[in-house]
Amino acid sequence: MAANPSRSLTDIFLTNARDAAATVERVTASSAAVFKALEMTTKGVRSIVVATGEWLPPEILSVARDLPNVIASPSDEQLARADVGITEAFAGVASSGSICVALGAPLTAAASLLMPLHIVLLAARRIVARPRDLFDGKCLGGEGLQRNLVFITGPSATADMGPLVRGVHGPHRLHILLLE
Amino acid sequence: MASSKSQSAQSGSPREVANKSDQGNLLRAIRMALEVQSATIRFNTQDHNRGRYSATEALPDYDALKDRARKTKEQAIAHLPDLARELEAVVRGRGGHLFVAANAEDACRYILGVCEEHAAKLVVKGKSITSEEIRLNHALEAAGIEVAESDLAEFILQIADEQPSHIVAPAIHYSRERITALFKRKFQTDLPLDTGEELTKFARQRLREKFLRADIGVTGANLIAADTGTLMLVESEGNIRMSSFLPPVHIAIAGVEKIIAARRDMAPFLELLAASGTGQKLTSYTSFLNPPLDDPPFAMPGKPRKTREFHLVLIDNGRLRMREDPVLREALYCIRCSACLNACANFQAVGGHAFGGETYSGGMGGAWEAGTAKLENARFSELCTGCSRCVTACPVLIDIPWLNENLRERLNHTDGPSAISGFLGAISSAAEKDTHIPAAKIFFGNFHFFAKWGVRLAPFSNAMAGKKFARIIMERSLGIDRRRALPAFSRRTLVQAARELDSRAGQQREKKAVLFADVYTNYGLPERGLAALHTLRALSVDVVVSESIPEGRAALSQGMIATAKKQAGRSVKALESYLTAGRDIIVIEPSALAMFRRDYRHLLDDKDQFERLLMRTFEPVEYIVRLLEKSGRRAMEVFDVRRSPVGSRIFFHSHCQQKTIGCAAPTEVLLREIGFDVATSSVECCGMAGSFGYKKDYYDLSMAVGADLLQQVAAAEKDGGPRALIASGTSCTEQLHSGLKRPVQHPLELLAALLKT
């Protein structure tokens, strides 16, 4: 619920993202802290794909490439079989707990879709109040009106097989590193 | 329940009964759905419906969003040819292809051409109901191309060879148990498939390989922006993202009506669609793509890496004709959210295999089948009872019952008269146009006429209603189910009874009103009218009773629009004289009140007349609450719960149309304030819905819908024992009475008994 104006966008985002079955971890926006968080989350996985970043300071996403088992330039077959995709978020949406990924930068589309675990790095200052805000030309440089976007709300899900099942064609788990 | 039974051989498979141009198919489909699918559909649609209520309540500007969405769609349809040209230039400018298909064959031919050009062997598809409309799978498979449906619901339907039963959740009629049985039968597998997770894993593994090998990906589109060529794609499984990203060729199929002017105008739809459809804040994935994408397409080992190609296939297939039709044009505003399906009590009971045609289903389905196939295929729209619960659910403000009443009018004239139509038409006051239609329609549409004679001959007519031979004749000639108890006619009408009351006490008072003697109250339930007079006069209102004029509800519900217009004209003339005399209009029967407050906007030529009625007509309890508020008196000062002849525990069921016009809450609130322990129903409609539950063809469905209401009564009485039954509508009263064999009172009858003076 976004009704209480005294709650910060970050708090609202946290509540709603968790309601949507995403996991969220608050992390200091430093290379060391991000590396530590990624290391914990990807412990034991065999293959990781890291997409190119656009908005975060380059050193932050580049630490992801230092993780063990990162495939530096994956073939399509490796992409299809990888365990973890790491991307940056273009924005976060408080009211729905969504992250919004802008496609275009190398490996972003694949790393946000094909692997069972999608880890996304979201800068807290890029959280907007409602989905529609990204259609405002003044918001985040107006890129929301230009780019290929996907609003991602929790892991992929279906109700077609009877009860709600999380983890269908898209990622089974969405882990958000909220950088503050 | 019956959900794990296999399809009954007797009632046929879903495909066999998909085409509803034959009434027999409609009846077989209802039987099949009630036997096999009902429990699962009910569970799922009611779940979505509850989700919709909470998700739309959480939208702070829900009504404003609906207005914006409506305006965007209206403008888009008005300027459709210009927008299509603009879109074409944008798509071509980006290196894509755009093709406008005049009809289904045209669309399939073009898509087959693209497939041939790429020597495609495997096409992977995201969910697209429009592709069902053009029978794309059939065309591709006939050309030897493998089609992999990747939406899990469509995957189930492809295996089972069934049409969608719902426009958003196409396999909503399948329980987990039936899916397990289907997969085991079709795939001959020993794998464990006994949970949703296992079934999903099984399908995912098969489909992942298809995604990676596919030559072409086909998707639909929820909206398309003309200014940027952006496709809006809403889903939860990730299969649409994969279909548009992995294969080198992406073909998007969409009806031409999906075009809107600008990408920024997509903003209100984003939240509206998710909230209205599945009751979510957003679905798992909502994509906004300007294809072709920048990323290189996937190429697994052994496959050449191609450059990306994008084709947008826009389907006319009758839509431009719908645009010229003032009624069907409304359907082009539809954004396929499915709120009207989930909010519909009849749909909840049978789903889209019965309440639907070969492609489209539910309240909006009739207009779509009529527009893209033919009028006769819309015969299932008979299952729209006009309860109007979809009206407030529709995010683009389509008056769905009005569409269905218009389809009914057209179907009436296609069907033509039966043997006694001329006779019935002549003795009743049906408009000339409405005398050449089936007799049952004329009978139900002129209820007031037959009710008038029922009262004049009351002891005789009521006795006949209980005679077996009379019921057989009525069933054969008019289609009235012999199992349904007929309403007893009062021996004295409200108008007659009111004349004998002393009304002098009502003079010299500041508030003046007229009680509209609606035909249901006047001929059938005059006691609730007398209770209204008694209560209002006790509250110092100078109230008189009008003559009894049919307001047109019965005629409208039978698709006799000419007759309804004639009756609306007569009613408004009579009521305007009361308004001029400074009297507010009080209407007891909610279905009649809803005519004045909602349906007359279509029936009256003078829109000012409609606005005046809208402002000055009141539901009686709503009126009483306003009187109390104005005089500053508390409910308990006027009404004493201790005087209640039925105790203080009650079950209140409000009428469907009463809810739509926002008049249900005052009764509930007032009864609570007085001190009653009030339980309420949460069903959208009781299932009786005027004449619907009397009809032989629909009696079983009506009873199945009513079962939900009866269950809620039972649940409310589980602790603390029985509750007195209180209902506002005539139909609801009959449905509750026939189901529970207990007295049912109108709230006014209860209130009248509680008056302190």
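Biologist: In this predicted model, how are H26(B) and H28(B) placed relative to each other?

Modeller: Helix H26 (residues 561-580) and helix H28 (residues 607-616) of chain B pack at an angle of about 60 degrees. Angles under 35 degrees count as roughly parallel, and 65 to 115 as roughly perpendicular. The angle of about 60 degrees falls in neither class, and the relation of H26(B) to H28(B) is therefore oblique.

Biologist: Is the crossing of H26(B) and H28(B) left-handed or right-handed?

Modeller: The axes of H26(B) and H28(B) lie 11 Å apart. The crossing of these two helices is left-handed.

Biologist: How many residues of the contact of H26(B) with H28(B) are nonpolar?

Modeller: H26(B) contributes Val572(B), Leu575(B) and Leu579(B), while H28(B) contributes Gln609(B), Arg612(B), Leu613(B) and Arg616(B). One of the contact residues is polar and two are charged. The number of nonpolar residues is four.

Biologist: How far apart are the C-alpha centres of domain 1 of chain B and domain 3 of chain B?

Modeller: Chain B is divided into domain 1 (2-320), domain 2 (421-478) and domain 3 (494-754). Between domains 1 and 3 of chain B, the contact takes four residues from each. On the domain 1 side, these comprise three nonpolar, one polar and no charged residues. The C-alpha centres of domain 1 and domain 3 of chain B are separated by 43 Å.

Biologist: In the sheet E12-E11-E13-E14 (chain B), which are the edge strands?

Modeller: This open sheet has four strands with parallel pairing. E11 (residues 511-516) of chain B is joined to E12(B) by five bridges, and E11(B) pairs with strand E13 (residues 584-587) of chain B over four bridges. The strands that pair on one side only are E12 (541-545) and E14 (617-618) of chain B.

Biologist: Which residue of E12(B) stands opposite Lys512(B)?

Modeller: E11(B) and E12(B) run parallel. Leu515(B) faces Val545(B) in E12(B), and on the other neighbour, E13(B), the bridge partner of Val514(B) is Ile585(B). Opposite Lys512(B) in E12(B) stands Asp542(B).

Biologist: Which strand supplies the largest share of the side of chain A that touches chain B?

Modeller: The contact between the two chains takes 36 residues from chain A and 48 residues from chain B. Helix H4 (76-81), strand E8 (149-152) and strand E9 (157-158) of chain A each supply at least two residues of the chain A side. That side has 19 nonpolar, 13 polar and four charged residues. With four residues, the largest share comes from E8(A).

Biologist: Which residue of E9(B) is the bridge partner of Leu149(A)?

Modeller: Strand E8(A) is joined to strand E9 (residues 285-289) of chain B by four bridges, and the two run antiparallel. Within this pairing, the partner of Leu149(A) in E9(B) is Phe288(B).

Biologist: In the open sheet of eight strands, is the pairing parallel, antiparallel or mixed?

Modeller: The order of the strands is E7(A)-E4(A)-E5(A)-E8(A)-E9(B)-E6(B)-E5(B)-E8(B). The edge strands are E7 (127-128) of chain A and E8 (259-260) of chain B. Among the pairs, E5 (residues 223-225) and E6 (residues 231-235) of chain B run antiparallel over two bridges, with Leu223(B) partnered by Met232(B). For the sheet of eight strands, the pairing is mixed.

Terms used. Residues numbered from 1 in each chain as written. Chains lettered and ligands numbered in written order. Predicted model: local features only at pLDDT ≥ 70, side-chain atom pairs only at ≥ 80, totals over all residues. Axes fitted to C-alpha atoms, helices over the stretch in contact; angles between N-to-C directions. Parallel < 35°, antiparallel > 145°, perpendicular 65-115°, else oblique. Left-handed = near helix turned anticlockwise from the far one by under 90°. Contact = placed C-beta atoms within 7 Å. Nonpolar A, V, L, I, M, F, W, Y, C, P; charged D, E, K, R; others polar. Domains from an automatic or database assignment. Pairing = 2+ DSSP bridges.
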